[in-house]
Amino acid sequence: MIKQVRANYDAPTIEKEIQKAWIENDAYLKTKALRESGERFYFLDGPPYTTGHIHMGTALNKTIKDIFIRYWRMNGYNVRDQPGFDMHGLPIEVQVEKMVNVPGRVSKDGKPDELGIRSKKEIEDIVGIDNFVNTCMNRALELHASMTEEFKELGVWMDWDHPYQTIRKDYMESAWWTLQRAYERDLLNPSSRVVTWCPRCETALAEAEIEYWDETDPSVMVKFPLADDPSVSLLIWTTTPWTLPSNMMVAAHPDFDYAKIRFSGENGEDTAICLESQAEYVMKKGGFQKFEVLERFKGKDMVGMAYIPPYDIDPKYLKRSEYVYKVVNADYVEKDNTGLVHTAPGFGPDDYDTGKRYGVEPFCPVGEAGRYTEEFPLMEGRKVKTANEDIIKYLKEKGVLFNTEKIKHRYGHCWRCKTPIIYRNTKQWFINVPKVKETMLSEIERAKWVPDWAGSTREKNWVDGARDWCISRQRYWGIPIPVWECKCGERKVIGQIDQLKDGDGYTEGMDIHRPWIDKVTFKCPKCGGTMTRIPDILDVWFDSGVAAWASLGYPAKKDEFDKWWPCRFIVEAHDQTRGWFYSQLGAGTISFDRAPYDEVMMHAWMLDPKGQKMSKSLGNVVEPREVISEFGADALRLYSVRANAPWDDTCFQWDMKKNPPLKEGPKNAWKVLNTYWNVVKFASMYMEIDGFDPEKHPIAEMEKYFRDEDRWMFSRTEKMKRAVTEGLESRELHKAARALEDYILEDLSKWYVKLIRDRSWSEDDASQNDKLASYCTLYYAIMQTAIALAPFTPHLSEEIYQHMGGKKLTVHMEDWPVCDESLIRDDIEHSMSLIQELVETIATERAKMGSKLRWPLKQIFVCGKEAGSNDAVRMFDEVLKQQGNVKDIVYTTADRLPRDKEPTAYSDGQIVIDFDVTPEIEAEGYARELIRRIQQMRKDMKLNVEQYIEIDVSAEEYLTKLFGTWKDYIAGEVRAKTIVFTDAPKGDEVKTWDVTGKDITIGITKL
Ligand SMILES: [Zn+2]
Ligand SMILES: [Zn+2]
């Protein structure tokens, strides 16, 4: 049964009701069960980090996923829709550090200062790792719960009761298994290297965990006097003075031209070696006015030149070898600054490589917290980045500072705590990615990427340049790296929890997080000693990289794996090229020699209106919740996918009050949905009044009563379905959304509903079938739209589907509406498009002539270009008369067009409009003006469409005479039992109107 929808599209209220009804009806589970025997489709959710809240980007991401899951389900697939959550890692550790108290800590003045953990030492010695990790676990679960609620508010249907979580034991076990595979294939090895390091979090960071922005740092030129002639110096340049204590070499480019140069001027003179081409630049920096080249040499001839370093390092910490404190060669030296590069193998990856080539060991007097160690007693305990000024002061006093200034340059920061990173030489665990790179590249080629360049260019370039993957972190809240080592060098990698049973300290069912796992030890098979776990945990990117099989519980649960593997589709934002697309590719190649996915879709970001990333620090964040409470989740969903191609960034548009109003924005999407709502309101009202039952009037039986405009509507509906399907299949969601929008606004609301208004009104028996034909057409259009909209706007579709008498428990159980080609009529569409064009042409010409739309035109002459052109228009002769408000249409040929009037061109010929106003036309015009005023008053009085009325009208005699001939027509249009012309109109409502300069008073009485 069709029930009238409520008056207003109040999306936030409707959506809450629908979500409640879904829960009460078990709609989600029943919809899933309906497709259980369908072809399996393994969709894998990229796990968002559990921050507790979703942002515009996560909302867009889950919207896209929900659209496809619903679409595939409607196509009969049994879709695996388990949501995932990435729950280990530093962000939660950092939050917990702020929450936890450190009992007994006092500030300098002796007062208690207990809030917040400030170092790893406090975690280990005071708080306890167990306490810390438990707090992280609870925090992660809390954040997971609140985030899930927000996804539900967005209307996303996923298996929220059974998510995969990277902190679960079975999940962690899968990650261990993958690491064991890597070890067995000799892809997992420890190595001493210079890595990017966060001194606050006291851990190594991966390139993907570093954020770059401009920082101001000192830029200094320093003199390193030559050992055999201290009056001459090598001139080096650096922006990290704090690394000077660990200087071991100076690098020159072998092919560049260097020179010994005497600089002189008001402040005296100095002799230094630098790049000859930079002499003038260097001269100015040193405050000199003149320079003179004394000697020239190639960089390659400088190798071995010995110099005196800026700091004397205690020999017990220094490993002397041939090239220590000497010039060496390196290709990365550039032709800028002095052309001589200060080289500290302990603090730079390039420097480290150079040291390796020349047999120079790194000297790294900086500890995990970024403070100098006892190896550099001058500043022991100081934070390195704060030491710059003192180092410069020292260089000045020593007389080796040539120049100092400030520069702004891009500098890396920890993604979590925003602390500037440093480079440190440490022992870390690496996955040898270059060794499996070829397979990874061919897997990129095998998989389908949307858009294509996401794989063929972006991902391929990233993998092409891939280096070893540093997977170890020196923290607590993560998957412990399952490597046990013995002092004798023996090593053991655990791949399954069962294998722990051979160890000491294992208890059945134990938590395998730190610190509990650290208590498990093994007896060394080689020397009989004790093997202990290395303290490191895994890079969180490795956690999510194994999701495709860890979420299936593989290798512990083989049946799930056999049922679903491999994953058919993933979709994430473009930053995942270096993130999840990559980590899965790497982990999949290690484990299965293949990428775990077959299709990767890449989507873009939601930026602020100016095109900047939304961020708390910029204060430009718009929360999905704000939008949902204003316009509803459906409007946000539709807007998100409609604004741009999925892979193009969208600048969020919020302010609709702008002039001219922005075309984009959730409000605009809401307007589209509201237009659809109004169409349904109109339809459901009349259909309910008339007790229309679509099942009693199937299309096949109504066919003989259809008008061509009905056939036009069917044709347009089928084309909409075709376009939406094509958009979904090609993943061009914007095209699918726009096809729906155009159809709703143009075809359905602006045109068809207008054409059938009179038919819905008619009450005489003779036109019953004609009216039913229009109902049947409109009903079909509305239902097909509700079903096609279902993946995009699941709540609105449900509300309308249920009110229009949908037969299924939920609209989401419907099969996807496939385009019925037999209903497509290009000939009819062509004719109708000409009519639409002519109606617009007439309106434009009327405006030019000052002719009111409500006043009929006497006649128009239509003259088509070719034979048949006029027939195409004639097909909708009645529609043209009605919509153009024309009394008569004369179809003619060019030679018979009236000569006294100017013709107007349209795409298929020309027309001539006769603007002559006869007394009959004037009468009709005024009658229509009167009808409009009465309708307005009915509306203001909030009268039901069925309500009968009585009307009193007063106007000058000339007008009442004109109205007289149209009395019956007027009465019929406004549902009046009587119309009385009187000098003193009475009624429940009396109002005087100014109609083209003449006063007309109308009184309406409710009957
Ligand atoms: Zn940090
Ligand atoms: Zn041993």
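Two strands count as paired when DSSP finds at least two bridges between them, and with that criterion in mind the tour of this predicted model can begin at a pair of strands.

Select residues 188-198, which form strand β5, together with residues 422-431, which form strand β16: the two pair in the antiparallel sense, and 10 bridges connect them. Within this pairing, highlight V195 and look across to β16, where R424 stands opposite.

Next, extend the selection to residues 203-204, strand β6, which runs antiparallel to β5 and is joined to it by 2 bridges. Here W197 has A204 of β6 as its bridge partner. The hairpin of β5 and β6 has 4 residues between its strands, and E202 in this hairpin adopts a positive phi near 55 degrees.

Now display the zinc ion (ligand 1) and the side chains of C198, C201, C414 and C417, whose SG atoms are its protein donors at 2.3 to 2.4 Å. Read along the chain, these donors follow the spacing C-x2-C-x212-C-x2-C. Of this set, C198 and C201 are both buried.

Why is the arrangement around the zinc ion (ligand 1) called tetrahedral? The 4 donor atoms subtend angles of 101 to 122 degrees, and four donors count as tetrahedral if all angles lie between 85 and 135 degrees, so the arrangement meets that criterion.

Finally, turn to two other cysteines: C274 is buried, with a relative accessible area of 0%, and C863 is likewise buried, at 4%. A search for disulfides across the whole structure returns 0.

Note on methods
Residues are numbered from 1 along each chain as its sequence is written. Chains are lettered from A and ligands numbered from 1 in the order in which they are written. This is a predicted model: local features need pLDDT of at least 70, side-chain atom pairs count only at pLDDT 80 or more; totals for chains, interfaces and linings use all residues. Side-chain values use heavy atoms; hydrogens and water are left out. A disulfide is a pair of cysteine sulfur atoms within 2.5 Å. Buried means under 20% relative accessible area, exposed over 50%, partly exposed in between (1.4 Å probe, protein chains only). Donors are N, O and S atoms within 2.8 Å of the metal (3.2 Å for Na, K and Ca); water is not among the atoms, so sites may look incomplete. Four donors count as tetrahedral if all angles lie between 85 and 135 degrees; four count as square planar and six as octahedral if opposite donors are over 155 degrees apart and all others between 65 and 115; anything else is irregular.
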